[in-house]
Amino acid sequence: MTMTLPSAAKPVAKRDGDHARDRSTWLIDRAPFLIACGMLAVLIAIYGTLREGVFSFEELNLDTAAAMTLLLAATGQTIVLLRGGIDLSIGGMISLGTVLAATQFGGSPLQVAFAAVMIALLGFAIGVCNGLLISVLRLQPFLVTLATWSILSGTALMILPTDGGQLPDFWMAFGNASLLGVSSSVGLLVLLVLFWVWFRSTRLGIEIRATGSNQRSAELSGVSILRINLLAYGLSGLFAALAALYLTTQTGTGSPTIGKDYILPSVAAAVIGGISLFGGRGGMIGTIVGAFILTIIGNLVFVLQVSSYWQPVVSGVILLVAVLASSLAEKSARRSLS
Amino acid sequence: MNALLARHRAVLLAYLGMIVLLLLTSFVSQGFLSGSHLRTMAVLSAFIGIVALGQTFVIIGGGIDLSVPWVLNCAAVLVTLMANGADGPLIYAIPIALAGGALVGALNGFGIALFGVPPIIMTLAVNVILQGGILIYTGGAPTASAPPLIQFLAVGRIGPLPVVVLIWAALAVAATLLLSRTAFGRYLYAQGTSATVAEFSGVPTLRITVLAYTLSGFTAAAAGVLLTGYTAQAYLGMGDPYLFTSIAAVAIGGASILGGSGSYIGTIAGALVLTILTGLLPALNLSNGALLVVYGVVILVTVSLASDAVSDFFAVIARSFGRRDNAQS
Amino acid sequence: MELIEAVGISKRYGGIVALSRADFRADAGEVHALLGENGAGKSTFIQILAGIVRPNGGTLHLAGQAYQPANARAAEAAGIAAVFQELSLVPDLTVAENVWFRREPLSLIGTVRKRRERDATLALFERYRIPAPAPTREVRRLTLAERQIVEIAKALSRDPSVIILDEATSALPPRETDWLLQLSQDLAAEGKLVIYISHRLAEIRQIAQRVTIFRNGATVATHDTAAVDDETIIADMLGRRMDRLYPPRIATATDRTALKLRGLSVGDRLADIDLDLKEGEVMGVAGLQGHGQRELFQALFGVSRSRGAVEVWGKPIAIRSPRDALVGRDGIALVPEDRRSHGLLLSKSVRENLTLSVVPRFTRFGFLSRSRERALVDEQLRTLQIKAGTPDQMAGTLSGGNQQKVIFGKMLLTQSRILLLYDPTRGIDVGTKGEIFRLMRDLAAKGYAILFYSSDLPEIVNVADRVAVLRNGKLAAILSGDDISEHRILREAMVEARAA
């Protein structure tokens, strides 16, 4: 039997087996996010049976306002997590942001607007510093952001040793404003979603995800890791500053220690929503779901009139359940598709 | 000799930094190097050092333990509640508290190794669950005071040396031996370098992970028990400062946060550096905030100096000097 | 028209000279092969061409102009595309996203136009008849061969004038290999320059007009492939004549069965394997890439879950993890495919790597005995002739061949008499390859039972006593004696595919 060279293989758009495989991988890839959605639905249902008027605009406004600070912080954290890093310094930035707002916001709206923009830029600049330290000195993100968290927290304490300060009335009014029954926070939520839908399809968004997925490949493909780090951490700092600004519209004071309470929940919200801690996988919509899950738990604890100390317990358990579920889904995927 | 220096560069830098700090602060404030002050600092270092012992093992193994604050706190509360101010019950109260810490650690280890939960998430979740749990149990109220024996362990002395420092020294010797001279240590470093290669090489990865986290839970609980003697009672939130300081001590001591390298000797230097810095507070009239800033800067500086980027930089400079010499000769 | 002219290119990394003097001239419309052992400088040279590395000396001209790319992007802009062995694909992105990475079609608001991207991808596949997976599939779910093809598509998408293929066929099954060889010729016919790096002389003879040989960081010779014989080529590569690459085959198999498999299956990738591996035998596993070889080896070492019966030296055994496999004399040892991420701790010393699997052998009451460890280490270093300055040298600084030897030593120390070798000579220089083949023969003579897989067919044909051919996850045939030939193996591996 002679060995003739077979003709060159035809290009394949889709092989038969691919369809079935693609459907099941789609499901498994989305499993963590879908599980989070399920959990949120269950929590809302429970909440709905315990309280009147849960499915109303008013409730939506309230809950979104309660979740928004965490949401903003978690947005920045999501971007950094997708890059494969972590940003612990947002805690310090949030504290510093509220402190600066409380002490620097003068009287006139113009001055306040200017100060607010400055604070946002400061957040971005500090994030860029984080990125610089990580890239140029090749230090681990965990350590660098831990150190900058300390520096930022310390600075906040030096400026304002205890909770205090005053924020102008019109600034507070923004927090409670509403248009056609829809509050400013819901408006912000919509903006946030739009931002994400746009950002993830930009080249920068794709490059950030690629760097988190496999930094070496991204490098070989010409990505400037330095630029990605600067921008990812810069954005995280920016969103932390925005979170601080929003927080002040709700609390009306500056607090040098408040930021600590947002660091780990920002990571938890993202992880519950399906972001992989290794980088490269997941999206903001999941983070939004995760942030709402954590917020609703707080509501439930309050409504059930149990000790508020149940909140961290339930949050911790849900976090574990979410991660276990996605880990199991991943493992079963590996078994059936390897 | 050069190779030896290179390998232990980070640790040597940490100790060098510590000595420099000590000298600087002694200039700034009188009585800083007095016997009693040194003793106080040794005692404070011991607490950090004991918590950081477990953290060292966990970090070398490639993980991290974010549950130390509330393991510490729970052990403190448990032991004081069970003893209720008397020494007698301590005979079972202390072992129970320590075993509880170890158990929580083992739980962490199993969650991470068996179920694949990332260490940050697992230990974070356990931490908040313990926090909520103990707060619910105690209703948020302060608990009984610490029995005399524990107070002796924390602030008492044998001869010129504080008891707790002796305990720390004994633990330090054990830790160093474990890391450098035992199979467990060898496996731990391998696993921290690459968990995959360790698997392929037949390393008992599950066992190693569980042991490392169990040890961390144990030392956090031990620190909690001892700490109640120092503060004379358990209070809620007493463990919080030890998360940052335990990680910082390990990092300043030269271990890579990713795992696979480092030593407890380095962590000791880290604990000492942090304590000396805290001592600067009253000496320099620094506020709490300023101290935090200093902490952050110190971490950045020490980790940078020990980093590859900086050593490469110095190597380039050294080489350029060498070339200049060659050109002239 | 001369497209690339490199004269006297040099590159050093600190004290290590990667290239001392590289000369290279290639024309447009040519397929020009580049040969040399690992460490000879080929990789460094093409990294310089691709702009990833900057040379220390020498001149480089592209189409008559001085060529000094500041980075990879500049090289791309100049029309040079490289397909390296180290793939540049991002696992969590799709095929299309990877092909057009950083060059995606954008909308007015800066977002990627997904449909346009997908259409462009399909058009690219059509133009070069690329046998690629669907554009929407995520790269992390693709096999190695599929990824290699996507990497090639990515390079082609830039419409380069120079294409560098670095061992591109080593991961491809025969049909895709033929496609790539044909493609190279087509590209040359279009007027492009294809720089083709491969260890497979047959392929080089088929498509390359000229071959340039590197040795020890310098160009040694450039030949017309039609006018030069294999011996000269190998002599140029090694700097000496090599008598034979493969040791003489001596029948050392006994009647004792070392490893007996009945009905071994892994997921849906491997089905019902019945195999008897004899003491003293070297059995090769052959077949097209992705037809179950990896699953077989992973199952036997406990890395993949499997069903079926496994007996080792007559005793049934359940292997659910490498720990179950590495049980001493009656165990199974594996030299894995990926030595850098599965086989070695690169930042640890040679000594620590060698002894990692046998720590209990020099441990008493939990404590390590340094002297006993050193004895074990010295023995392996000597026996295998591992070239390392001291045993405390970092494993990552060793050459590929020496790294592989360290892994061998590590597995030999476990005293397991059944050895699984997965592509043990991949990416290894010819000299060390010969040593490894001789080692395999020596071990077989000592009573070891060896099962090895190689992606290089001539290796299997020349080294194995018997050959198990896998096709679509099933055992197609077990060949022995005169039946072992490249033709026969390929036929067994492909017959069913032909019928389709």
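Chain A of this predicted model contains 13 helices and two strands. Its C-alpha trace extends over about 95 × 55 × 35 Å along the principal axes. For a chain of 338 residues, a compact globule would be expected to have a radius of gyration near 20 Å, and the 22 Å of chain A agrees with that expectation. Of these 338 residues, 56% count as buried. The contacts of chain A reach far along the sequence: among those between residues at least 6 apart, 80% join residues at least 24 apart.

The accessible surface of chain A amounts to about 14,200 Å², and carbon and sulfur atoms account for 68% of this area. Chain A carries 19 positive and 15 negative side chains, and the centres of these two sets are 15 Å apart.

**A loop glycine in chain A**

A:G274 is located in the loop that connects α11 (260-272) with α12 (284-303) of chain A. Although A:R30 is 244 residues away along the chain, its C-alpha atom is separated from that of A:G274 by 7.9 Å. When residues up to four places away in sequence are left aside, A:G274 touches A:P32, A:R281 and A:G282. One of these partners, A:R281, also takes part in a salt-bridge network, described below with the charged pairs.

**Salt bridges**

Side chains of opposite charge can pair when their charged atoms come close. Over all chains, the structure holds 35 salt bridges. Three pairs in chain C are listed here.

| Pair | N to O distance |
|---|---|
| C:K192 and C:D159 | 3.3 Å |
| C:K315 and C:D330 | 3.9 Å |
| C:E435 and C:K405 | 2.7 Å |

The salt bridge between C:K192 and C:D159 has an N to O distance of 3.3 Å. C:K192 belongs to the loop between α6 (174-189) and β8 (193-197) of chain C, and C:D159 to the loop between α5 (144-156) and β7 (162-166), so this pair ties together parts that are 33 residues apart in sequence. The two partners differ in burial: C:K192 has 10% relative accessibility and counts as buried, whereas C:D159 is partly exposed at 45%.

In the second pair, the closest N and O atoms of C:K315 and C:D330 are 3.9 Å apart. C:K315 lies in strand β15 (residues 315-316) and C:D330 in the loop between α10 (322-325) and β16 (332-335) of chain C; the pair therefore ties together parts that are 15 residues apart in sequence. C:D330 counts as partly exposed, with a relative accessibility of 30%.

The third pair joins the side chains of C:E435 and C:K405 at 2.7 Å, N to O. Both residues are helical: C:E435 is in α15 (residues 430-445) and C:K405 in α14 (residues 400-413) of chain C, so the salt bridge ties together parts that are 30 residues apart in sequence. C:E435 is partly exposed at 25% relative accessibility, while C:K405 is buried at 5%. Beyond such single pairs, salt bridges that share partners join A:R281, C:D92, C:E138 and C:R140 into one network.

**A buried glutamate in chain C**

C:E295 is found in helix α9 (residues 293-300) of chain C. Its relative accessibility is 11%, and because residues under 20% are classed as buried, C:E295 counts as buried. Apart from residues up to four places away in sequence, C:E295 touches C:V266, C:R269 and C:L270.

Conventions
Residues are numbered from 1 along each chain as its sequence is written. Chains are lettered from A and ligands numbered from 1 in the order in which they are written. This is a predicted model: local features need pLDDT of at least 70, side-chain atom pairs count only at pLDDT 80 or more; totals for chains, interfaces and linings use all residues. Side-chain values use heavy atoms; hydrogens and water are left out. Helices (H or I, at least four residues) and strands (E, at least two) are DSSP runs, numbered from the N terminus. The radius of gyration is taken over C-alpha atoms; the globule rule is 2.2 Å times the number of residues to the power 0.38. Buried means under 20% relative accessible area, exposed over 50%, partly exposed in between (1.4 Å probe, protein chains only). Contact means heavy atoms within 4.5 Å. Accessible areas come from the Shrake-Rupley method with a 1.4 Å probe; for residues, only the protein chains shown count as cover. Lys and Arg count as positive and Asp and Glu as negative; His and the chain ends are not counted. The place of a charge is taken as NZ of Lys, CZ of Arg, CG of Asp or CD of Glu. A salt bridge is a side-chain nitrogen of Lys or Arg within 4 Å of a carboxyl oxygen of Asp or Glu.
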